[in-house]
Structure formats: C-alpha cells, structure tokens
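Me: I'd like to go through this one by asking why things carry the labels they do. Can you take me through the reasoning?

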Amino acid sequence: MRKYLIFLFSFCSVVLMAQEQNLSQTGYFDFKTVNAHVRIQPLEKAVSGKVSYTFEVLVQQDSLYIDGRNMQFTDVSLNGEAVKFSSDEKGIYILSEFLPSENNLLELNYSAKPTTGMYFINWEFPEIDDAQKQVWTQGQGKYTSNWLPSFDDMEEKAEFDLSFEFPSKFQLISNGELKNTENINDSTRLWQFDMEKPISSYLVAVAAGKYDFKKVQSETGDLIRLYYKPEDSLKVEPTYRYSREIFNFLENEIGLAYPWQKYDQIPVQDFLYGGMENTGTTIFSGSFMTDSTGFKDRNYVNVNAHELAHQWFGNLVTEVSSKHHWLHEGFATYYALLAEKEIFGEDYYYWKLYESAEQLKALSDSGKGESLLNPKASSLTFYQKGAWALHILRERVGDEAFRQGVKNYLELYSFKNVTTDNLLAEMEAASGQDLSQFKADWLEQSAFKATQSLESLKKSEFIINYLNIAALRETSLDQKYEYLEKALSFPVNDYIGQEAVLQLAGLQSQQAINLYKKAFESNNIFVRQAISSSMDVIPNDLKAEFESLLDDESYLTIEAALFRLWEQFPADRTAYLDQTRDLVGFYNKNIRMLWLTLNLVTPDYETELNQQYYEELADYTDIWRPFKVRENAFSYLFQLGAFNKSSLQSLIKGTGHHTYSFRNYCRQLLSELLKNEQYRKELIELSGNMAEEETAYLRSKITG
Ligand SMILES: [Zn+2]
C-alpha cells in the first residue's frame, strides 16, 4: 500500500512539473517538423495515425509534453527506442533524460474519437444522396489537439507535413502543397501534403467532401483554388467574385509576397463561424454560396478578404497570447476594409467605419468599453476597434510610413510570434514619431475616442452629407421636403437615399407620396430595399410601384415586398403567388419558404396541392439539411402551429447541435413548444425513442 502511494506521489509530481513546464515549454524544446499520417474514418467518427516529430532540446529536462485530447497512445519511441510515457485526457508526457541536443526524433501512434475540433457531417445518412457528407476541422483556439497530437501553445511553430487516408470518392484538402495521391485499396485513397514553413497548430486543418474547384492565378503567379459543391457551379462566379482582385490588392498593399505555397477556399456545411484562416486553406460557411441576385444583399467579399489578410496577420506573424489578439483581428478587419474600398469605393469604406463607430460609441457610453489589450475583450473590440486603431494610426503617421512600418514588422517577425510593442516599435522607427499617446488613447484606454473618430469621419464629404440628412429625423416633412427631394435625386447615394426613405416611414401625405415616387424611380437597389422593408401600409397611389419590387435583383426586397403585398391586397394574392412561384432566394430558401407558407394560408389557392406544399416545408427541417435551412423552416412551422413528428424530432436534435446560435435557437423554440400540452405530449413520447445524449436538453426542461 505504501509502496503504491509512493509510486502515485512520484508520478503526480512528474506530471505536475510537466504541466508547469508546459506553460513555457518553448524555452526548453524547439519542434522543427511534424510528419503525420492520419487515417480518418468518417462512418465511425474516428481518427488514428502515426506521427513523427523532430525537435531540439535547448535546456536539460526530464519530460516533454504534447497536447492530445482524449487520445490513446501506443508505440511511443524516442530516437528509435521505446520510451516511458504517461498520458491523461489532455495529452502525453514523454519521460526521459533530455539533454541539450539537435535532431531528436519522437514517434508515436494515436487514436481518438473527437467530439470537437473535427466535425463529421451527415455520415449517418448514407442512403440520402442530397445529404452532403463532409469532414472539416476548426483549430482556433486550442482544438487541433482533439484530432492530431500537436501544440496548443501558439508560440510552438512547426512545419506540418500531413498525409490523410480517406474514402476515395471524396476530395480532401489540407495545408501545404498536394504532392501525391494514390489509391490504397478499392475504397480508400491517400493524400500527401508538403509544407515548407512553420505554423502554429491552431492553423492546421483538413476538409473533405464532394467538391469541384476552379483555378485562378494571382498577378504574381500564386495558385488560388476556389472550391464548390458540383451542383453549385452557377454560384461560383458571384460567390467568389473579386477573389483575384482581392488577392492582388492585398499583396500590393501589404508589400510582402503571399507567404504560403497555395491558397484554397472551401465552403462547408454548418461551419461554426463565417470563415477560418487556416494556413493556405481557408474554410468558410457554405451559406455564403450565392447567385447573382443574392450577391447584392449579402456576399462573401468581406470574409474572403478578411481570411486572406490573416494569412499575413496571424499566420505569418502570430500573437504570443490573446492579449495581442487585435494584431490578428484588427488587422484582418482593417485590410478587408481596404480591399472593399478598392472594390466598392470610398463611401463604402467610410460607411463601414461610421457604422462600427456608432456601435463602439454605444458600448463605450454604456460603460462597457474595452481596452484593445484586454485578452477577454469582445469581438466588437478586437475586430472593429482594432480596425479603427489602424485607421487612426495611418492618418497619424501617413500612408508611406504606415506601409513601411507594417512591411518591416512582417519581415522582421515572419514565422515568429509578436506583441503589440513589436508592432509599435516598427511603426515608430518608420515614422520617426513617438506613438505613446496613440497607444494610451487607442490601445490601452477602454473608452472609445468618439470625438476623434467623428473628426476623422468628417474627412469624407459623403459622411458630412449623410449626417446632415440623418439630423433631420425629428424635423417635419414640410420643413425638410427639399432636402429629402435632393437626397433622392440623381445620382442617389446608396446610404443617403436609404436614410431619406426611412424618414418617410408611416407618412401618407401627398408630399410623402411624391418623395416615394422619386425613390422608386431612382432604380437604386438599396433605396428600393429600404422602401420594401419600411413601408408598413402601401398607399393605393403607390401600389403599382410597390408591385414592381417583386422584380428587383434583391432577395431581401422581394421577400418583404411579397409579404406586404399579399397581406394588403387579398384580391391579388393569386397573382403575387403565381409571379414568385419559381424563386428560392438565399441559402436558407427565404423566398421559397415564405411562398409555401403564404400558399398554405391562402384560401382557395391550389388547395389540392396543400398537402404536398406542407410536406415540402416540413421536410426542410430534415436533420441532414444545413442548420440555416432548418431554422427558417422551424420558424414558419411555429407560426403555422404545424410541427409534425419528424420536425419535432429534428428540433430535439437541434438542441445539441455544434453551432452555438442554432443550438440556442432550438432550445428557446423547444421551451416555447413545451408550453403547449399537445406538443409537450408528443415531444416526450418522441424522446423515448431517441438516444439519451440527444434528449439531454429536453429532459432538463421537463424535469426542471
Ligand atoms: Zn479573423
């Protein structure tokens, strides 16, 4: 017994020491390469593999640590010989006498069933062809170690050369250049990638699924591949519009060549965020796939530029810790905005800055302003305040010094880690200015410098004009008529025109109708969008104009217009439904689902097809569909009070979905449905036939 205790004690102390060391292990060990052969088994939601690491020992140690969550390790060897190790749910400790030396080799085998970090989409529906089977990963913050034994510490950068085994009828994309693919057997294929430069583990990624791709080449010869699902070929042009322009612009603006071997962009189903800048391998939400009409409403341009900017800011130079997170997000947001300025013009640039200044001022006024150096700051701070800080810094030091300073900073710290002071030192050197006041005002201070921001915004004549119109919100129409009329006269500015229309909301006078007519005639898609979304009561004098909105190149406009027209002109419902029957709308099928719903509640319209239309709507809740489609269908079924068994089951499953926003949506809706006796009974009955982990939330609501 005693012996056992001693053993336990000494074992614990080794582990504790190792854990402490782990905080600063980069001071003792320097990993050079990670060579991994990874076997992904999507049907089993399992991953296993063999990994070899080469490393240098800098300071004598008696243990070495590698992060690997909930993994089984076998065949662990150090420099070719079996070595003692221990592992827990977080990783593996290699126990040996490590003396300062170069060229050490650690090898191990591992297996895991990741519940996070690697996502297996729709493999439980082999019989449904429309269910997209995909595997994709999300490494940031510290998730790569859920599927690959690696380093949660961002300061440990290594060259990752990865190979994957995966079912051969799919495409597989990972970091680095694809060197070779070969069939291992009838059903499994091997993909071998090669990287040339070191990266932090959180940027390691893999995505697999049914994909085609389009190749584009940048001005300087970089290979850009734009991936898409085979059935989305018509969406490739609008979705990826300006990709090449953005790439060329950023390379020129930053002044340093794109640092990686290739650049792939892969849309995936049910991604956690808008996009993730894995090195050379951006993964983004499939909901950005759009046709030309949807492009005007919402598009991938901003995320496209943002993730590409990260390839320098974050991937090439990486924060030492989250205290310096704005060096990633502030830069990516700012450079995306510069790229958009190039594409959409200066008014767009100032409008975006104006919008974020309003949000930051509101946060600041509420007493919740955050310093950019607060590691726990919100996204609004890291992204938008970070972009503002760079906008102001550039104004202060001038274009030339700004670009020179950024370039020097990137060159000096390429493939290394950085702090805010590293950046400031380069900016001070390039500009010859003391930036301590800038640092205090924009980086350290928690309040937002609203007055200084407004001064900067007023360098744009457009912003001055916009603010003059916005200042009239409380003024009577009589007194501001000529100003609004001017705002709606050719050439109409998108934002000022929208503001003018929004000020007419609820007005029915002849003056208002005259201005609305001007707004309709402007043929400005955004001005007409504002009419569609804000005109609660359509005057008879404007009925014909309002009906013309159904032909606009905007799904937002059409959705709002269809609903308002259907609501206010019952005699014409048939005509409106006939006119819009072939429209689908965005990724979430916004027009189609509205159409089905209106159809179902329009008496005497295609009543013989009601059952079919209802089933189509209910089927959009199918578990294998993208969550944005399911969510939209849930909301219509809720309004109709018409959930069937399979949509209720889909809702129960949704309460455990990996995407936070959808999971929350489902939980709230489920709580709402439980208030209804009939639904409550059905939900409880259904949950009896479902797996326990799927019904955890429902049970907590019933018993709690
Ligand atoms: Zn970002």
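Me: What spacing do the donors of the zinc ion follow along the chain?

Reply: This is a predicted model, to start with. Along the chain, the donors of the zinc ion are spaced as H-x3-H-x18-E.

Me: What makes H306, H310 and E329 count as donors of the zinc ion?

Reply: The cut-off for a donor here is an N, O or S atom within 2.8 Å of the metal. H306 and H310 each coordinate through NE2 and E329 through OE, at 2.0 to 2.1 Å, so they meet that cut-off. Do keep in mind that water is not among the atoms, so the site may look incomplete.

Me: Why are H306 and H310 about one helical turn apart?

Reply: Because they are four residues apart in helix α5, which covers residues 301-310.

Me: How do you know whether H306 and H310 are buried or exposed?

Reply: Buried means under 20% relative accessible area. H306 has 8%, so it is buried. H310 has 0%, so it counts as buried too.

Me: On to the strands. Why is the sheet with the order β3-β7-β6 called open?

Reply: Look at its edges. β3 (61-67) and β6 (84-87) each have a single partner strand, so one side of each is left without a neighbour in the sheet. The three strands pair in the antiparallel sense, and neighbouring strands are turned by 25° against each other on average, direction ignored.

Me: How do you know that β3 and β7 pair?

Reply: Two strands pair if there are at least two bridges between them. β3 and β7 (residues 91-98) have six bridges, in the antiparallel sense, so they pass. Among the partners, S63 is bridged to L95 in β7, and Q61 stands opposite F98 in β7.

Me: What makes β3 mostly covered?

Reply: Six of its seven residues are buried.

Me: Last topic, the second largest pocket. What volume does it have, and how many residues line it?

Reply: Its volume is about 540 Å³. The lining has 24 residues, and P42, W123, P167, K169 and F170 lie nearest the centre of the pocket. β1 (29-41) and β11 (157-167) each supply at least two residues of that lining.

Me: How do the lining residues of the second largest pocket divide by class?

Reply: Eleven are nonpolar, five polar and eight charged. Of those nearest the centre, K169 is one; Lys counts as charged, whereas Pro, Trp and Phe count as nonpolar.

Terms used: Residues are numbered from 1 along each chain as its sequence is written. This is a predicted model: local features need pLDDT of at least 70, side-chain atom pairs count only at pLDDT 80 or more; totals for chains, interfaces and linings use all residues. Side-chain values use heavy atoms; hydrogens and water are left out. On a 1 Å grid over the protein atoms alone, a cavity is a set of points where a 1.4 Å probe fits but cannot get out, and a pocket is an open set with protein on both sides within 12 Å along at least five of seven lines; lining residues have an atom within 4 Å of a point. Grid points are joined across faces, edges and corners, and a volume is the space filled by probe spheres set on the points. Axes are lines fitted to C-alpha atoms, for helices over the stretch in contact, and angles run from 0 to 180 degrees between N-to-C directions. Buried means under 20% relative accessible area, exposed over 50%, partly exposed in between (1.4 Å probe, protein chains only). Donors are N, O and S atoms within 2.8 Å of the metal (3.2 Å for Na, K and Ca); water is not among the atoms, so sites may look incomplete.
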